[in-house]
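Biologist: I'd like to go through this model with you and ask how each label is earned. Shall we take it piece by piece?

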Amino acid sequence: MAKNKYEPHCDHDYEHGKPPHGHPPENQRYPDPRIYGDYASKKPPRYVPHSFEHTCFKPRKEDYKPPVSCDDEGTEELCTRRDHRALTADQQNRFLNAFSQINAMNALGPLVDIHANAIHQMHSNPRFLPWHRIYLLRMEELLQMVDCTVCIPYWKSSEEQAFPSWLLGFTPTVTLIGGPHTVTRNIGAFAMLPNTTDLAAAMGNGTFNTFGPAVEGIHNSGHVWVGGSMGSIPTAPADPVFWMHHAEIDRIWAEWQALNPGQNPNLTGVAATMDPWSENEVNTRDITTLGYIYV
Ligand SMILES: [Cu+2]
């Protein structure tokens with residue numbers, strides 16, 4: 001077996017033989033004693049482990065923040081989805097951190113890829129709203145595996161008429177089925193952002209058959225307004241704003257549902273199953289049953 005010149009501990013010549021030229025050669029890893037002190041010699045000083053209680057840094061007493069514990073036992077609380085403008089800096093960081101973590105775990109890419117597969121028929125038909133409701137829920141569940149306090153915030157674009165500034169510097173690279181994709185945006189280049197008048201007009205529809213396409217149209221313009229990754233179906237969910245945009249669309253639907261009881265998408269047979277998941281359209285009607293609310 002070839003000797004690893006970077007592992008002085010495995011150098012048997014040093015342990016058992018004579019050092020060449022009467023003095024030990026310099027440590028390959030730490031050759032400069034001015035920087036590395038004793039570690040620059042061929043045999044670094046003995047390693048002394050810290051005792052268990054002292055291996056982790058502790059903040060000053062006054063800076064201590066108790067870890068958030070989540071209720072796993074039966075009494076599950078509803079996830080509260082908030083207007084992103086109402087998030088604290090800590091809540092913003094937790095959302096972006098959980099997003100980065102699931103991406104680093106390679107759990108985000110496969111979820112984005114589901115959206116790339118037209119076999120699920122989730123656009124331009126009555127499945128649009130219920131399918132994306134379940135899709136958001138799966139994302140929220142994934143984020144909560146990393147941080148149980150995270151709920152997807154919503155982006156009320158019609159009212160705001162601006163991109164969430166705290167996301168501007170966040171352009172992750174997500175490994176998709178076709179290879180790595182780095183999020184890009186081209187804000188405002190190719191579309192106008194629907195405004196509150198547009199939204200009120202969509203809300204005025206009294207049947208799901210007319211409301212559904214109206215709200216999907218508003219949603220489409222939002223995608224194109226952000227542009228870049230968001231402008232293309234296979235890459236859009238790689239941008240965190242996708243989830244916030246869709247939370248807003250889902251919130252609008254929930255608001256409309258409350259105003260129009262009994263108005264549901266006309267879906268039967270396999271079309272009523274929100275594949276690749278097992279939920280039926282009927283299971284998508286009540287958001288509190290699904291475990292979240294909008295405030
Ligand atoms: Cu979609």
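Modeller: Happily, and let's begin with strand β2, which has a covered face, V174 and L176, and an uncovered one, T173 and T175. This is a predicted model, where local features need pLDDT of at least 70, side-chain atom pairs count only at pLDDT 80 or more, and totals for chains, interfaces and linings use all residues. Residues are numbered from 1 along each chain as its sequence is written, and side-chain values use heavy atoms, with hydrogens and water left out.

Biologist: Why would residues of one strand split between two faces?

Modeller: Because side chains in a regular strand alternate between the two faces of the sheet.

Biologist: What makes β2 and β3 a pair?

Modeller: Pairing requires DSSP to find at least two bridges between two strands. Four bridges join β2 to β3 (residues 179-182), so the pair qualifies, and the strands run antiparallel. T175 stands opposite P180 in β3, and a hairpin through two residues joins the two strands.

Biologist: What makes α8 a helix, and how does its span fit what is expected?

Modeller: Helices are DSSP runs of H or I with at least four residues, while strands are E runs of at least two, numbered from the N terminus. Helix α8 (residues 208-226) has 19 residues, so it passes. The expected span is 1.5 Å times one less than the number of residues. For α8 that gives 27 Å, and the end C-alpha atoms are 27 Å apart, so the two agree. After α8 comes G227, with a positive phi near 70°.

Biologist: And which parts cover the buried residues of α8?

Modeller: Among them are α5, α7 (196-203) and α9, where contact means heavy atoms within 4.5 Å.

Biologist: How do you know that H115 and H132 are buried or exposed?

Modeller: Buried means under 20% relative accessible area, exposed over 50%, and partly exposed in between (1.4 Å probe, protein chains only). H115 has 2% relative accessibility, so it counts as buried; H132 has 3%, so it is buried too.

Biologist: What makes a residue a donor to the copper ion?

Modeller: Donors are N, O and S atoms within 2.8 Å of the metal (3.2 Å for Na, K and Ca); water is not among the atoms, so sites may look incomplete. H115 (NE2), H123 (NE2) and H132 (NE2) coordinate the copper ion at 2.0 to 2.1 Å, so they meet that cut-off. Their spacing in sequence is H-x7-H-x8-H. H115 lies in helix α4 and H132 in helix α5, so this pair ties together parts 17 residues apart in sequence.
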